[in-house]
Amino acid sequence: MAAAPLLRLSLFPQSIKPLSTNFKPPNPLLHRATLKPRLPISKISASYTPTPATDRLLSAASYFFPFFNGLQYGRFVLSQYPILAVPLKPILPLLSLYHSIPYASFISFFALYLGVVQNPSFSRYVRFNALQALVLDVLLVVPLLVQRILSPGRTGLGLKLTIWGYNALFVFVVVCFIYGLVFSVLGKTPYLPFVAEAAGRQLD
């Protein structure tokens, strides 16, 4: 008896009606549009504070102090190649004024140390550059002390060693001066070799 309904369905398939003639598959685009929008990703904002122009100027001016005192090491290379002295012509009046003042080196040293390095009203950027210039100037005095102690002489091998040492120190002074001057003007911190670490320890 249970097979009678099944037999009836197989004999009359046209009697079965579809569930719905208006059925449509879901639209994937519409489905995506109905999704909840994602939360906007927060942008990472970074603030940059440029170095003030006064700090740049003071930092750049500090490197003139060891540069003026280190020009004495260029006596041999400048006499042999006078063309190298051409870039120095714009600062010759300032250099002449510096050397015309009695004890200008000592006055400049203590003025930078007491007036800038030990002055908390200046920023750390200015104080670091001033102290770095002072440390460089102190290091430039060491070769003169060694020369006076050893007395290499003015002829022969001693003179050649003196010339080579002076030329190397002159190149070192010029490179440090240009590097410190350019970076200070750009507002960046110059780190001189053999000098920056000592200056950082003294300032911290």
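Which residues do ring pairs link into a cluster? I began my notebook with that one, and the reply is F64, F67, F68, Y98 and F177. A reminder to myself before going on: this is a predicted model.

**Entry: the overall fold**

I looked up the secondary structure and found ten helices and zero strands in the protein. Reading along the sequence, I wrote down α-α-α-α-α-α-α-α-α-α. I then checked burial, and 27% of the 204 residues count as buried. For contacts with a separation of 6 or more, I noted that 75% come from residues 24 or more positions apart.

**Entry: aromatic pairs**

I went back to the rings and asked for the full tally, which is eleven aromatic pairs. I picked out F67 and F177, whose ring centres lie 4.0 Å apart with 15 degrees between the planes. Stacked or tilted? The pair is stacked, because planes under 30 degrees apart count that way. F67 sits in helix α4 (residues 64-70) and F177 in helix α9, so this pair ties together parts that are 110 residues apart in sequence. Both partners are out of the solvent by the usual cut-off: F67 is buried at 3% relative accessibility, and F177 is buried at 11%.

My next pick was F68 with Y98, where the centres are 5.4 Å apart and the planes meet at 50 degrees, so I filed the pair as tilted. Here too distant parts of the chain are linked, since F68 belongs to helix α4 and Y98 to helix α6, 30 residues apart. I checked accessibility again: F68 is buried with a relative accessible area of 5%, and Y98 is buried with 12%. All four residues of these two pairs appear in the cluster I opened with, alongside F64.

**Entry: α8 against α9**

How do helix α8 and α9 pack, and at what angle? I found about 175 degrees, with the axes 12 Å apart, for α8 (residues 124-150) and α9. Angles over 145 degrees count as roughly antiparallel, so that is how I describe α8 relative to α9. I listed the residues that make the contact. On the α8 side they are Y125, N129, L136, L140, P143, L144 and Q147. On the α9 side they are T162, Y166, L169, F172, V173, C176, F183 and S184. Sorting them by type, I got eleven nonpolar, four polar and no charged residues.

**Entry: S184**

I wanted a closer look at one residue of that contact, so I chose S184, which is placed in helix α9. Buried or exposed? S184 is buried, with a relative accessibility of 0%. Leaving aside neighbours within four places in sequence, I found S184 in contact with R56, S59, A60, Y63, Y125, N129 and P190. Two of these, Y125 and N129, are also on my list of α8 residues that touch α9.

**Entry: the salt bridge**

How many salt bridges does a search of the whole structure find? I got one. The partners are E197 and R201, and their closest N and O atoms are 3.2 Å apart. Both lie in helix α10 (residues 196-203), four residues apart, about one turn of the helix. I looked up accessibility for the two ends of the bridge. E197 counts as exposed at 60%, and R201 is exposed as well, with a relative accessible area of 57%.

**Entry: positive phi values**

Last, I looked at backbone angles. Which residue other than glycine has a phi near 55 degrees? That is Y103, a positive value, and I found Y103 in the loop between α6 (92-100) and α7 (104-117). Y103 is exposed, with a relative accessible area of 64%.

F194 is another entry for this page, with a positive phi of about 65 degrees although it is not a glycine. I located F194 in the loop between α9 (156-186) and α10. F194 counts as exposed too, at 73% relative accessibility.

How values were computed
Residues are numbered from 1 along each chain as its sequence is written. This is a predicted model: local features need pLDDT of at least 70, side-chain atom pairs count only at pLDDT 80 or more; totals for chains, interfaces and linings use all residues. Side-chain values use heavy atoms; hydrogens and water are left out. A salt bridge is a side-chain nitrogen of Lys or Arg within 4 Å of a carboxyl oxygen of Asp or Glu. Helices (H or I, at least four residues) and strands (E, at least two) are DSSP runs, numbered from the N terminus. Buried means under 20% relative accessible area, exposed over 50%, partly exposed in between (1.4 Å probe, protein chains only). Rings of Phe, Tyr and Trp (its six-membered ring) pair if their centres lie within 6.5 Å; planes under 30 degrees apart count as stacked, over 60 as edge-to-face and the rest as tilted. Axes are lines fitted to C-alpha atoms, for helices over the stretch in contact, and angles run from 0 to 180 degrees between N-to-C directions. Angles under 35 degrees count as roughly parallel, over 145 as roughly antiparallel, 65 to 115 as roughly perpendicular and the rest as oblique. Contact means heavy atoms within 4.5 Å. Ala, Val, Leu, Ile, Met, Phe, Trp, Tyr, Cys and Pro count as nonpolar, Asp, Glu, Lys and Arg as charged, and the others, Gly among them, as polar.
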